[in-house]
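Reader: I should like to learn how to read the sheets and helices of a protein model. Could you take me through one in order?

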Amino acid sequence: MSSSHRSVVARVVAALAVLTVGAAGLTACVSRESSSSSSEAPALVSTDDLAAVTLDVGDQKGGTEALLRASGELEGTPYDVAFSTFTSGPPQVEAATAGQIDFAVTGNTPPLFGVAANARIKIVSAYANDASGDQILVPPASTATTFADLRGKKIAVGKGSSAHGHVLLQLQKAGLTEDDVELVFLQPADASTAFASGNVDAWAIWDPYTAIAQVQNGSKTLTTAEGTANGYGFGIASQQALDDPATNTALQDFVVRLAKASAWADANPAEWAGAYSAAVGIDPKAGELAQGRSQRPAIALDNSVIESEQTLFDVFADSGAIPAGNPVADFVDTRYNDAIADATVATN
């Protein structure tokens, strides 16, 4: 890896690492005292009653806050919004369970670790993507051409992340098991260092790290998650926030604004790519590449989405990474579906 690429990755890692909570122990750390049954949504309150509300939103740098600001959807909220930056989805789930945040958008896998741990969260919104930005990278000089070529090799991956799910699905697709490779569980900062130094043979990662490695270092794509993983993103909310009438009302408004912002980004790709690159502090070419394949429009949180997540949950359970038994559907709350659908139709 060139010194310039190390510098870029270091800046992005620093930006993404404002708050780090251990993801590896998620299923051991969150409360198991909660019930997975859905609670009845409280009645919405008036806009005037939102003045005293502060929504605590977990974010990944260049994600929710940057998108809302670039699209103008963060303007004029009748409540305050406080953003906390996380390195990845698993610590967001843990923070939501602990009541430290009210809402966050994650990839397809972190909520499943919450489901397995009886976390006090609900999946409340869904976002589509073709998963082409979720990739398994190898160094430019690597001779590997298929995933099966990683037999006996070390793969850096964040435990409980969407990349973790991607690796398990690729193993299944190739007819391999975890015993055929060595998974090295590292968060992006440490994984980047291990990959650059040659201490691992491959890196399972998502954008913008994927794009940075490709643009700045010529890292090769061994495989993408497209056609293998569902590519979904999810909005998760703490049960505490959902049970509070004022916070619940603010959350409905917030997820609607986020759906509108996603539609704006899809309609204004160049403007959004520029804003995203500036927010993350990366080469605009990398930002354009990342956002050209990683936008996530809001979609209905319907049975097909839930069933797809249950399939992924079962893959993790079969691997022994999480305990089986909890249906994903028990941790889904569709109370915002109609509001999001109305906003999406109006925007389009």
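Author: The discussion that follows treats two sheets, the helices that pack on them, and one arginine. The model is predicted.

Reader: Let us begin with the sheet that contains β7; in what order do its strands lie?

Author: A sheet is read by strand order and by pairing sense. Here five strands form an open sheet, ordered β7-β6-β8-β5-β9, and the pairing is mixed. Because β7 (182-185) and β9 (220-224) each have a single partner strand, they stand at the edges, and one side of each is left without a neighbour in the sheet. From one strand to the next the twist averages 30 degrees.

Reader: Which helix packs on this sheet, and which strands does it touch?

Author: Helix α8 (residues 209-217) does so, touching β5 (135-138), β8 and β9. The direction of α8 makes about 30 degrees with that of β5.

Reader: In what sense do β6 and β8 pair, and over how many bridges?

Author: Strand β6 (residues 154-157) pairs with strand β8 (residues 202-205) in the parallel sense, over two bridges. In register, Ile-155 is opposite Ala-202 in β8, and Ala-156 has Trp-203 of β8 as its bridge partner. On the β7 side, β6 and β7 run parallel and are joined by four bridges; Val-157 stands opposite Phe-185 there.

Reader: What handedness does the unit of β6, α6 and β7 have?

Author: The β-α-β unit made by β6, helix α6 (residues 162-174) and β7 is right-handed.

Reader: How does one describe the packing of two helices?

Author: Two packed helices are described by the angle between their axes and by the distance between the axes. In this model, the axes of α6 and helix α13 (residues 303-319) come within 10 Å and cross at roughly 75 degrees. As angles of 65 to 115 degrees count as roughly perpendicular, α6 is therefore roughly perpendicular to α13. From α6, the contact uses His-164, Gly-165, Leu-168, Leu-169 and Gln-172; from α13, it uses Leu-312, Val-315, Phe-316 and Ser-319. By class, these are five nonpolar, four polar and no charged residues.

Reader: Turning to the sheet that contains β2, which strands form its edges?

Author: Six strands make up this open sheet, in the order β2-β1-β3-β10-β4-β11 and with mixed pairing. Its edge strands are β2 (80-85) and β11 (298-299), each of which pairs on one side only. Within it, strand β1 (residues 54-59) and strand β3 (residues 103-106) pair in the parallel sense over two bridges, with Gly-58 opposite Ala-104 in β3.

Reader: Where does helix α3 lie, and which of its residues are buried?

Author: Helix α3 (residues 64-71) lies across β1, β2 and β3, and runs at about 135 degrees to β2. An α-helix has 3.6 residues a turn, so residues three or four places apart point the same way. In α3, the buried residues are Thr-64, Ala-66, Leu-67, Leu-68 and Ser-71. Their cover includes β1, β2, β3, α10 and α11 (269-280). After α3 comes Gly-72, with a positive phi near 85 degrees.

Reader: Finally, is Arg-257 buried or exposed?

Author: Burial is judged by relative accessible area, with under 20% counting as buried. Arg-257 has 13%, and is therefore buried. This arginine lies in helix α10 (residues 245-267). Apart from neighbours within four places in sequence, Arg-257 is in contact with Leu-68, Glu-73, Glu-75, Gly-76, Thr-77, Pro-78 and Tyr-79. One of these, Leu-68, is among the buried residues of α3.

How values were computed
Residues numbered from 1 in each chain as written. Predicted model: local features only at pLDDT ≥ 70, side-chain atom pairs only at ≥ 80, totals over all residues. Heavy atoms only, no water. Buried < 20%, exposed > 50% of the residue type's maximum accessible area, 1.4 Å probe, protein only. Contact = heavy atoms within 4.5 Å. Pairing = 2+ DSSP bridges. Axes fitted to C-alpha atoms, helices over the stretch in contact; angles between N-to-C directions. Right-handed = clockwise from strand over helix to strand, strands pointing away. Parallel < 35°, antiparallel > 145°, perpendicular 65-115°, else oblique. Nonpolar A, V, L, I, M, F, W, Y, C, P; charged D, E, K, R; others polar.
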